[in-house]
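Colleague: Got a minute to walk me through this one? I'd like to go through it piece by piece.

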Amino acid sequence: MKYKLIALALSLYSATQASAGEAILYDYDGTFEDATFAVEDAIVSKGLVIDYRSHTGEMLERTREVVGSDVVLFDNADIFLFCSAVVSRKVMEADPMNIVHCPFSIFVADQAGKVTIGHRDYPEGVMQMVEDLLSEIVTEATSF
């Protein structure tokens, strides 16, 4: 799981448009700290519980030299992992193998002062319920 999150974060590094294939990205006009607070607040305001907050940026920086790299990927990057019992049940009743998409995640990344919030671009069909939920959360977080 950790490696998949790292791979997701790395793949998002080069994305620069509002929608970039595997991710839907939103520019945030504020600090990393304000963005993470806004995302956390928006998730909780939906009645959802954050299962885990991955400090991916810290891990990448801490291990940078150990893996033989001198590239700083992020100034900060966190990923929020959570689920919705209602949405999860609906998408898994449609296809139990949709479990592969759980938990849901929203990331906040700071690259040279440019703060971005994003989430996966889910497949068409029933998984659009998940994408709609994530988009609602990010829209709320970016509307402060």
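**Val115 and its surroundings**

Modeller: Sure. Val115 is buried, its relative accessible area being 3%. Keep in mind that this is a predicted model.

Colleague: Where is Val115 found?

Modeller: Val115 belongs to strand S6, which covers residues 114-120.

Colleague: And which residues does Val115 touch, leaving out those up to four places away in sequence?

Modeller: Its contacts include Tyr26, Asp27, Tyr28, Gly30, Thr31, Phe32 and Ala35, and also Val108, Ala109 and Asp110. Take Tyr26: it is 89 residues from Val115 in sequence, yet the C-alpha to C-alpha distance is 8.7 Å.

Colleague: OK, switching to backbone oddities. What is the peptide bond from Cys102 to Pro103, cis or trans?

Modeller: That bond is cis, with omega near -5 degrees. Pro103 sits in the loop between helix H4 (85-94) and S5.

Colleague: And what about phi of Ala112?

Modeller: Phi there is near 55 degrees, so a positive value in a residue that isn't glycine. Ala112 is in the loop between S5 and strand S6.

Colleague: Is Ala112 buried or exposed?

Modeller: Exposed, with a relative accessible area of 76%.

Colleague: Now the aromatics. How many aromatic pairs does the count come to?

Modeller: One aromatic pair. The ring centres of Phe82 and Phe104 are 6.4 Å apart and the planes are at 80 degrees, so this is an edge-to-face pair; the cut-off for that label is over 60 degrees.

Colleague: Which parts does the pair tie together?

Modeller: Phe82 is in strand S4 (residues 76-83) and Phe104 in strand S5 (residues 104-111), so the pair links parts that are 22 residues apart in sequence. Both Phe82 and Phe104 are buried.

Colleague: What sits over the ring of Tyr122?

Modeller: The charged end of Arg120, 5.2 Å from the ring centre.

Colleague: Last topic, helix packing. At what angle do H2 and H5 pack?

Modeller: Helix H2 (residues 32-45) and helix H5 (residues 128-142) pack at about 130 degrees, and their axes are 8 Å apart. The two are therefore oblique to each other.

Colleague: Is the crossing left-handed or right-handed, and which residues make the contact?

Modeller: H2 passes H5 in a right-handed crossing. On the H2 side the contact is made by Ala38, Val39, Asp41, Ala42, Ile43 and Ser45. H5 contributes Ile137, Glu140 and Ala141.

Definitions and conventions:
Residues numbered from 1 in each chain as written. Predicted model: local features only at pLDDT ≥ 70, side-chain atom pairs only at ≥ 80, totals over all residues. Heavy atoms only, no water. Phe/Tyr/Trp six-rings, centres within 6.5 Å; stacked < 30°, edge-to-face > 60°. Helix = DSSP H or I, 4+ residues; strand = E, 2+ residues; numbered from the N terminus. Buried < 20%, exposed > 50% of the residue type's maximum accessible area, 1.4 Å probe, protein only. Lys NZ or Arg CZ within 6 Å of the ring centre and 35° of its normal. Axes fitted to C-alpha atoms, helices over the stretch in contact; angles between N-to-C directions. Parallel < 35°, antiparallel > 145°, perpendicular 65-115°, else oblique. Left-handed = near helix turned anticlockwise from the far one by under 90°. Contact = heavy atoms within 4.5 Å.
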